[in-house]
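This report covers a metal site, a group of charged pairs and a sheet with its packed helix. The structure comes first, and the description follows.

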Amino acid sequence: MKKILNRRDFFKSVGLAATALAAPSCSSFAQQTADTSRRPNFVIIFCDDLGYGDIGCFGSAKNRTPNLDRMAAEGTRFTSFYVTSGVCTPSRSSLMTGCYPRRVNMHQNDTGLCVLFPVNKKGLNPDEITIADLLKRQGYTTACVGKWHLGDQPPFLPTRQGFDCYFGIPYSNDMGSRKDTNRPPLPLVRNEKVIEAPADQNTLTKRYTEEVVKFITANKDKPFFVYLPHTMPHMPLHVSDAFRGRSANGLYGDVVEELDWSVGQILQTLRELDLAEKTLVVFTSDNGATGGKGRSNGPLRGHKGTTWEGGQREPCIVWWPGNVPTGKTCDELTCTMDLLPTFARLAGTKPPDDRIIDGKDIWPLMAGQKAAKSPHEAFYYYQVDQLQAVRSGKWKLHLALKQKRKNWGKPTPDVPLQLYDLHADIGETNNVADQHPEVVKRLLALAQKARDDLGDIGREGKNQRPAGWVENPKPLLLEPN
Ligand SMILES: [Ca+2]
């Protein structure tokens, strides 16, 4: 395997001092290496378990989301936008690195389960070049506010992965203390220090929003990158008093409406600071909604944790007044992995070229360029370590599997090969494999390519890279004063 350029080499190669590697704070960030006056700011708003049909501009008739609807009217909706997994950790690893989870070995935790738990030995390898690392190199000030879930040990935290500052919970909000485990009370972390435990979850959405508004205001005169992975609407649901009992869709609707309020606060801040035309904002979710009451994946089949469209196709809005067309829809196949190469281009750089990056530059699609097409020949749907489906163009092939792996529980036996035309049949209801043997053959060949490259259940791929690992992980605890 090709030598992987580590973070230190990477920064050396672009002439930054090793001191940039030290645990940073927002105020200590000083280095600026290039003329950044024309580069946009970036904001990624990443919900947790929000479904395809949970917001007004994607079809919800229950949840009131005027701010997201306005964002869509002022920007472009992406309707075939994917995450790489139906659960949190692997999905997030792709957003950060521009790679499939198996590429960076974040498709399972240290014991083979589908997500990281507190005090796991595993985490996102600090040698990976995250989207924050790339932008920081270009002179951006970077903040992560929200749920991280790519490792709770110090080497894996956002502050060691390219973010100048961090405020949030390090993993899911249902992973607080339990008698039968060594899990600590749910920690709220600032940079690398626990400041509250258990975190008051009712006020998290509000506090995240205030934190982001404060960060944007403080950094309005220089390029910035905000990554806001909300804790909500992952279960258990929490909402601040101002939104409790207000929606027509129970507690779930209250939570979604507070998230919508949060988006409104952030966009309004950008407008007021005259930054709207200088800031690209992406709104999406880390995986589909669970099958629970009040939640909706719209017309899509399946739910969180599956390789049906409902698990991995997300509502996505891209907003950048003056640069991204208004009121448009793009149905070309795009995904979270594309954000790293796209942002790299807009920030005047390129993705790392010493390693495979799976994402592609989708700026022509975001910019609404005529005749722009998806740069992806294929998109692969994995469940933990198992390749389960492949999409190419309008076709999606579910592979025939003797044992179809589930994130939790026993596998489903004897799943037949199925082919769906997603343009005609977004709900994956009409298997047309028999009518299109040549399409099946082509997609099976693409699946074989993924197997060789990324691996499959019971086999490694030839181009996987190692995850980060610590031998003696410790719980994140509130330190006594
Ligand atoms: Ca999630």
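In this predicted model, Arg271 is partly exposed, with 24% relative accessible area. Its salt-bridge partner is Glu74, at 3.0 Å from N to O. Glu74 is likewise partly exposed, at 22%. Glu74 belongs to helix α2 (residues 66-74) and Arg271 to helix α6 (residues 250-272), so this pair ties together parts that are 197 residues apart in sequence.

**Other salt bridges**

The whole structure holds 31 salt bridges. Side chains of opposite charge can pair when their charged atoms come close. Three of the salt bridges are listed here with their N to O distances.

| Pair | N to O distance |
|---|---|
| Glu74 and Arg271 | 3.0 Å |
| Arg355 and Glu128 | 3.5 Å |
| Asp385 and Arg405 | 3.0 Å |

Arg355 and Glu128 are both buried. Arg355 sits in the loop between α8 (339-346) and α9 (363-366), and Glu128 in the loop between β3 (122-123) and α4 (131-137), so their salt bridge ties together parts that are 227 residues apart in sequence.

The salt bridge between Asp385 and Arg405 links distant parts of the chain, 20 residues apart. Asp385 is in the loop between β13 and β14, while Arg405 is in the loop between β16 (401-404) and β17 (412-415). How do the two side chains stand in accessibility, buried or partly exposed? Asp385 has a relative accessible area of 11% and is buried, because the cut-off for buried is under 20%. Arg405, at 22%, counts as partly exposed.

Salt bridges with shared partners also join Asp48, Arg92, Lys147 and Asp286 into one network.

**The calcium site**

Asp48 and Asp286 are also among the protein donors of the calcium ion. The donor atoms are Asp48 (OD), Asp49 (OD), Cys88 (SG), Asp286 (OD), Asp286 (OD) and Asn287 (OD1), and they lie 2.2 to 2.7 Å from the ion. Along the chain, the donors follow the spacing D-D-x38-C-x197-D-N. Cys88 is part of helix α3 (residues 88-97), whereas Asp286 lies in the loop between β9 (279-285) and α7 (309-312), so the pair ties together parts that are 198 residues apart in sequence.

Why is the arrangement of the six donor atoms irregular? The angles they subtend around the calcium ion run from 51 to 154 degrees. An octahedral arrangement would need opposite donors over 155 degrees apart and all other angles between 65 and 115 degrees, so the site does not qualify.

Cys88 is buried, with 2% relative accessibility. Asp286 is buried as well, at 0%.

**The sheet and helix α10**

Strands of a sheet pair through backbone hydrogen bonds, either parallel or antiparallel. Here four strands make up an open sheet in the order β13-β14-β15-β18, with antiparallel pairing. β13 (379-383) and β18 (418-421) are the edge strands, each pairing on one side only. On average, neighbouring strands of this sheet are turned by 20 degrees against each other, direction ignored.

Strand β15 (residues 395-398) and β18 run antiparallel and are joined by four bridges. Lys396 has Tyr420 in β18 as its bridge partner. Helix α10 (residues 437-454) packs on the sheet and touches β13, β14 (386-392), β15 and β18. The direction of α10 makes about 130 degrees with that of β14.

Technical notes: Residues are numbered from 1 along each chain as its sequence is written. This is a predicted model: local features need pLDDT of at least 70, side-chain atom pairs count only at pLDDT 80 or more; totals for chains, interfaces and linings use all residues. Side-chain values use heavy atoms; hydrogens and water are left out. Two strands pair if DSSP finds at least two bridges between them. Helices (H or I, at least four residues) and strands (E, at least two) are DSSP runs, numbered from the N terminus. Axes are lines fitted to C-alpha atoms, for helices over the stretch in contact, and angles run from 0 to 180 degrees between N-to-C directions. Contact means heavy atoms within 4.5 Å. Donors are N, O and S atoms within 2.8 Å of the metal (3.2 Å for Na, K and Ca); water is not among the atoms, so sites may look incomplete. Four donors count as tetrahedral if all angles lie between 85 and 135 degrees; four count as square planar and six as octahedral if opposite donors are over 155 degrees apart and all others between 65 and 115; anything else is irregular. Buried means under 20% relative accessible area, exposed over 50%, partly exposed in between (1.4 Å probe, protein chains only). A salt bridge is a side-chain nitrogen of Lys or Arg within 4 Å of a carboxyl oxygen of Asp or Glu.
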